[in-house]
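Trainee: I am new to this structure and would love a close look at a single part of it. Could you pick one and then show me how a few other spots compare in the way they are described?

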Amino acid sequence: MASEGFLQPICVKWRLCGLRWQVFIFLLSFCHIVSGQIRYSIPEEMKKGSLIGNVAQDLGLDLKRLRAGRARIVSGESIQYTELKTDKGILVVSERIDREQLCGDVTPCSFSFEIILEHPMELHRVTVEIIDVNDHAPAFSKRDIQFEISESATLGSRFTLASAEDPDVGLNALQNYFLTTNDNYVLKQHAKPDGSKYAEMVLQKPLDREEHPRLSLKLIAVDGGNPQRSGTVNIEITVLDANDNAPVFNQSVYRASVMEDASKGTYITTINASDADSGSNGVVAYSFSNLKKHLANIFNIDEKTGTISVAGEIDYEKDKKFEIRVEVKDQGGLTDSSEVFIEVVDVNDNAPVINVMSFSSLVSEDAPPGTTIAIINVNDADSERNGKITCSINTNLPFKIQSSLSSYYNLISDVALDRETTPEYNITITATDSGSPPLSSTRTLHLRISDVNDNAPLFHQRSYSTYVTENNSPGMSIFTVSARDSDWNQNARISYLLEDTQISGTPVSTYVSINSETGVLHAVRSFDYEQIKEFKLMVKAQDGGSPPLSSNATVTIFIQDQNDNAPQVLYPVQTSSSLVAEMVPRSADVGYLVTKVVAVDVDSGQNAWLSYKLQKATDRALFEVGLQNGEIRTIRQVNDKDAVKQRLTVVVEDNGQPSRSATVNVNVAVADSFPEVLSEFIDFTHDKEYNDNLTFYLVLALAVVSFLFITCLVVIISVKIYRWRQSRVLYHSNLPVIPYYPPRYADTLGTGTLQHVYNYEVCRTTDSRKSDCKFVRPCSQNVLIMDPSSTGTMQRMQSEQNILDEPDSPLEQKPPNADWRFTQGQRPGPSGAGGPPEMAMGTGPWPNPPTEAEQLQALMAAANEVSEATATLGPGTMGLSTRYSPQFTLQHVPDYRQNVYIPGSTATLTSNPQQQQQQMLMQQQMAAQQQALQAQPSEASAQPEPPKAAQTPASKKKSTKKEKK
């Protein structure tokens, strides 16, 4: 068993329903297929659905494995006696099993089948042995046996009795014969070589026809079953006159052979017997004794000669040998018997039979070598060499066939598969036996290879080039790229894409686009040869596999030039504001080079070939133009009769189709001196060249001027209304005029400790000749604060509220604090009110005069306020008002009437000599400060100049005329 590849035998024994079952399990692993063998023993005549065995348990398989592997029974028998319950893993009886019908006399009786599982493939052989049951009683072929026996029969004469047939085997088969009790005969039993038994009557007492002319006996045949069964036959013996010699065969056993393909009438052998009697008692006849029914149609015997021949068809696969009992009888009824053994010689008359147990018709091309494609069962009913089978497939295929179990073969892949090379295979399996001549059979399997995305798209070329004429229409088809993919279906579906590249810093998608399905390149824009002459792009072909594969190709697009640009004249330059003329002396000879017209064409090739022609001339007989170089030369001698003013019109034309041209006017002066030329060309009238776009420019200029005029008008009206409203507000307020004073100072007497902050509002006119007022924004929002510790710092402060922003405010000055004690001279009043002498002279508690830096800072602050008001102050009337802060607690308040200074203006307000003296002092200080500023140009350049006095319209006009001159 080890030579057959069995790894491990397992024997399990148990009893079920009083019967002893034996299970043999053999496991086999070969060529990636798990194989095993199980043997069960069951009695015949079991009911349908009866349990045979637990296949899953005996094979060590899980029930899920049986269902997932689609376990099924494969049998070559026409009748399926068993059924596999995959849900329970058991084997049950599906059809009535009759051992006698299935196996006949063959013991032991069994049948085999295979259980196949898939994913992975497993093959298990199951053998079921049928145990005989005593379901048949012995039976005789005849109801009566007739004997004619001579009374002279010698003692010990034997008379062969008909044998009973019992299809059962073993103990259930025929065991014994019994003869009813009589005085003349006893029964003797004999066993044949095949184990069957037959009986003979032996004469033990001579017959006496006169006493007993007829004898009636019964032969009983019994088997060994439980319960025991039996069969009987009647023996009728007729006593004849004496024939005291029985025929005798010359051989006790005859042996012969016959070919299974022997035709009818073929001679097999001849039997021979002799009888010592003479006359009719010596005539013998040959016959078959107890011949089985199916043998009666196969063989024939000649009664006279004893020749045995073929009468029917012999099949080695059904019966390999025959045992025939022959009998010879003389006329007196004496007989003798012998055995004839006929051996059937096998003939190679059966071709192998190929059965496909499992087949995968679709295999992926990436299946590794050694993948099982199909499981094949090959059987040959012949024996020995005639039944030895060789299985093969057609050559040049990437497959091979291997033997797994007895008569089973596996078709497996031998190398890697490639669907693109061969998408399908027709595999012809040939099974040939070893007979002479050999017989064979074929079976063709159609195998398809499923595709795997293992091939990238391939362009026909690695690079392409195409030409496009400039000024093309957007959307025009430029070129078509094409790629192929050796794969199939979705894996071969190609999409075309543009790689993200840049052309002169611009994405390529702004130049061309591509149809993803057809690969057609379309122009996105109109190309200009003068801007770009060629560009390259990368096209990507990508298939629809998973993951997708791709390849690239380079497409170079060349732009072809069109004659879309007219020549451009570089010299002489044509301007409308000035007149350029070329001078030709009157002494110029023939061929004198006057000038050269220089022109260019941005096109290329023949589109840029320029030719020059003289279109118009004052005197065509005097000048000519070079056709290729544009040189203007004289063609004759210049004389005094030639006009001084000569005008030439030259046409510059390219060589394109259609051609484009440009014209240029060349002014030529025929003179020897420049004054002569100047006098002639002063009144030279130029031809007016009208521009096609002149009307458009005029309309556009008119619209712009109209818009600016309306805008200025609206702004002026708005400003006027705003000033009028402000003047109305100021005219209704009775605010005193406040002279200039430094915004912050300290009390020299030390009686005051708080810093003084003055918030004031200014209302002044923009022109003394006008009655309206210009109202500067409230001074409460612009307060100059001077830090005593730093004389060079000015800060702006915002007041908490603006009286002008309150619509319900009457714009009246708030009353001063009740704690203030002002004298009559200290209270603000109209110009000319007197005060204490010490105040007029600058003595007493009045603080020290401001320093030059403080005065300069105050001057700059006032100038800034005036500039913010966008008006200059001239001589005129001004009203100033001061709103005192509630925190003001000084006891000595200066007399503002003595020192009125208007920032940004040269006008001063005086009411008495003291004030005039103070003004003179202030002017002297200002002059000193200006000199100091001029001495320091770096500091003066960083500070704004004081505003100048406003100019009158008349002075403005005069200054404008002076500037023009």
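Mentor: Happy to! One term is needed from the start: a residue is buried when its relative accessible area is under 20%, exposed when it is over 50%, and partly exposed in between, using a 1.4 Å probe and protein chains only. Please also keep in mind that this is a predicted model, in which local features need pLDDT of at least 70, side-chain atom pairs count only at pLDDT 80 or more, and totals for chains, interfaces and linings use all residues. Residues are numbered from 1 along each chain as its sequence is written, and side-chain values use heavy atoms, leaving out hydrogens and water.

With that in hand, take Tyr511 and Phe527: both are buried. They belong to a longer list, since the whole structure holds 17 aromatic pairs. Rings of Phe, Tyr and Trp (its six-membered ring) pair if their centres lie within 6.5 Å; planes under 30 degrees apart count as stacked, over 60 as edge-to-face and the rest as tilted. Tyr511 and Phe527 make a stacked pair, with 6.5 Å between centres and 15 degrees between planes. Tyr511 sits in the loop between strand S42 (506–507) and strand S43 (512–514), while Phe527 sits in the loop between strand S44 (520–523) and strand S45 (534–543), so the pair ties together parts that are 16 residues apart in sequence. The strand names come from DSSP runs numbered from the N terminus: helices are H or I runs of at least four residues, and strands are E runs of at least two. Elsewhere, Phe459, Tyr464, Phe479 and Tyr496 make up one aromatic cluster.

Now for the part I would like you to look at closely, strand S27. This strand covers residues 335–345, and 8 of its 11 residues are buried, so it is largely enclosed by the rest of the structure. Two strands pair if DSSP finds at least two bridges between them. On the parallel side, S27 is joined by 7 bridges to strand S20 (residues 253–259), and here Met259 stands opposite Val345. On the antiparallel side, 9 bridges link S27 with strand S26 (residues 321–330), where Lys329 has Thr335 as its bridge partner. S26 and S27 form a hairpin with 4 residues between the strands, and in that hairpin Gly333 has a positive phi near 90 degrees.

It helps to recall that in a regular strand the side chains alternate between the two faces of the sheet. Glu339 is one residue of S27. Its relative accessibility is 9%, so Glu339 counts as buried. Contact means heavy atoms within 4.5 Å, and Glu339 touches Lys192, Ser252, Val253, Tyr254, Ile324 and Arg325, not counting residues up to four places away in sequence.

Two arginines sit over rings. The rule is that NZ of Lys or CZ of Arg must be within 6 Å of the ring centre and within 35 degrees of the ring normal. The charged end of Arg255 sits over the ring of Phe341, 4.8 Å from its centre. Arg325 lies over the face of Tyr198, 4.4 Å from the ring centre.

For other kinds of spots, try two loop residues. Asn455 lies between strand S35 (440–450) and strand S36 (458–459), and at 23% relative accessible area it is partly exposed. Leaving aside neighbours within four places in sequence, its contacts include Glu420, Ser486 and Leu549. Asp543 is 88 residues away along the chain, yet the two C-alpha atoms are separated by 9.1 Å. A polar contact is a pair of N or O atoms within 3.5 Å; within protein, one must be able to donate a hydrogen and the other to accept it, and residues adjacent in sequence count only if both atoms are side-chain atoms. The side chain of Asn455 has such contacts with those of Asp454, at 2.8 Å, and Asp487, at 3.1 Å.

Glu45 is in the loop between strand S3 (33–43) and strand S4 (51–54), and is partly exposed at 30%. Its side chain makes a polar contact of 2.8 Å with that of Arg96.

Finally, the structure contains 1 disulfide, a pair of cysteine sulfur atoms within 2.5 Å. Cys103 and Cys109 form it, with sulfur atoms 1.7 Å apart. The torsion about the S-S bond is about 70 degrees, so the disulfide is right-handed. Cys103 is buried at 17% relative accessibility, and Cys109 is buried at 1%.
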